[in-house]
Amino acid sequence: MKYLRQFLIILGVSLIGEILKAVLPLPIPASIYGMVLMFILLLTGALKLDQVRETGKFLIEIMPVMFIPAGVGLMTSWNVLEPVIIPVSIITVITIFTVMAATGISSQIIIRRGKKENK
Amino acid sequence: MAEFMQSSAYAGVTISLIAYAVGAWLKRKFGFGFFNPLLISIVVTIVVLVGCNVDYDTYNEGAQYLGWLLTPATVALAIPLYEELELLKKNAKAVIIGVLAGVLTSLLTVFVMAKLLGLSHENYVTLLPKSITTAIGMGVSEELGGYVTITVAVIIITGVLGNILGEFICKLFRIHEPISKGLALGTAAHAIGTAKAMELGDVEGAMSSLSIAVAGVLTVVLSSVFAGFM
């Protein structure tokens, strides 16, 4: 019963996320509304960790598998991608490097500076 | 065999999961980033489907249930985030500046490269939201007048690339702080990068989940500014 109840709570929050998406005119997906809502519920103590933890962890653990259908779906977008494949590939690969470097290095500098000050 | 595949609702998904499991085993055994279970599963599945002449819709009849779980799983990302609350409070400045730097870099890189490669305005705005989560990215692309199908494809490719290259890039740029690794993966490669961050550790995973939401919202606001540049 524990897992069923936990799954039900997570689904319920997803459903509210979906309702928020339908009502609010922003390009924000239901899942992000749901994530923020779940965070607020935990923060305020309206939900306890024990009420969602195990099922939540299980969902997160199998999460990579959920991207397989979207990835396989690339086989249907080949005809739209083909004409722009070269510039798109170049931009995609370069951005991964620049963005990870910018975020990783800048945040690391701030974290390390903070650690030094505390010493 | 091929005929059966064309009508089966389970065959395609089973092949995807077996390929994923084999990929995970190869990775454990040899430890190369190249053996990425997600990439192996996608490639093997496409090869099998094309080889057996199965169309995507038939495959997706079974496979869509994997995707159906994506919303509840994303909602569940709030759990590790809450568990790392103290860490989040202590590092709020690093989180905000790090993610903002990443979002600006993403938009700027696309802008500079689009200029250099001489892309049209439509192709440029199509690529602007490429680093953020699919559902937000689709909305941004549509709003700016981009080609939504290409945006979706590029977002997925970006995620898979981030998942494959993430650990290597962290080493390359000497990003060692777990918080920074998580922020970098989530900002550059949204939920698919977060799947990798979760494998690296709880802190990485929590920070990466947070970045998906923050980077998504920042991109919604800033991409409309960047769209006017070209």
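Mentor: Let's start with handedness: a crossing is right-handed if the near helix is turned clockwise from the far one by less than a right angle, and left-handed if the turn is anticlockwise. In this predicted model, helix α7(A) passes α11(B) in a right-handed crossing.

Trainee: Why is α7(A) called oblique to α11(B)?

Mentor: The axes of α7 (residues 85-118) of chain A and α11 (residues 148-172) of chain B cross at roughly 45° and come within 9 Å. Roughly parallel needs an angle under 35 degrees, and roughly perpendicular runs from 65 to 115. The crossing angle falls in neither range, so α7(A) counts as oblique to α11(B).

Trainee: Which residues make the contact?

Mentor: From α7(A) they include Val88(A), Ile96(A), Phe97(A) and Met100(A), and from α11(B) they include Ile157(B), Leu161(B), Gly162(B) and Phe168(B). Sorted by type, the contact has 13 nonpolar residues, four polar and no charged. Gly goes with the polar group.

Trainee: On to charges, then. How do you know that Arg53(A) forms a salt bridge with Glu83(B)?

Mentor: Their closest N and O atoms are 3.3 Å apart, and the rule asks for a Lys or Arg side-chain nitrogen within 4 Å of a carboxyl oxygen of Asp or Glu. The pair therefore qualifies.

Trainee: What makes Lys57(A) and Glu83(B) a pair that joins two chains?

Mentor: This is also a salt bridge, with closest N and O atoms 2.8 Å apart. Lys57(A) sits in helix α3 of chain A, while Glu83(B) sits in helix α6 of chain B, so the link runs between two chains.

Trainee: And why are these three residues called partly exposed?

Mentor: Partly exposed lies between buried, under 20%, and exposed, over 50%. Relative accessibility is 27% for Arg53(A), 31% for Lys57(A) and 32% for Glu83(B), so each one belongs in that middle class.

Trainee: What about Glu199(B) and Lys196(B): how far apart are they in helix α12?

Mentor: They are three residues apart in α12 (residues 178-200) of chain B, which means about one helical turn between them. Their salt bridge has closest N and O atoms 3.3 Å apart.

Trainee: Is Lys196(B) buried or exposed?

Mentor: Buried, because its relative accessible area is 3%, and the class needs under 20%. Its partner Glu199(B) is at 46%, so it counts as partly exposed.

Trainee: Which residues are joined into one network by salt bridges that share partners?

Mentor: Asp50(A), Arg53(A), Lys57(A) and Glu83(B).

Trainee: How many salt bridges are there over all chains?

Mentor: The count comes to ten.

Terms used. Residues are numbered from 1 along each chain as its sequence is written. Chains are lettered from A and ligands numbered from 1 in the order in which they are written. This is a predicted model: local features need pLDDT of at least 70, side-chain atom pairs count only at pLDDT 80 or more; totals for chains, interfaces and linings use all residues. Side-chain values use heavy atoms; hydrogens and water are left out. Buried means under 20% relative accessible area, exposed over 50%, partly exposed in between (1.4 Å probe, protein chains only). Helices (H or I, at least four residues) and strands (E, at least two) are DSSP runs, numbered from the N terminus. Axes are lines fitted to C-alpha atoms, for helices over the stretch in contact, and angles run from 0 to 180 degrees between N-to-C directions. Angles under 35 degrees count as roughly parallel, over 145 as roughly antiparallel, 65 to 115 as roughly perpendicular and the rest as oblique. Contact means heavy atoms within 4.5 Å.
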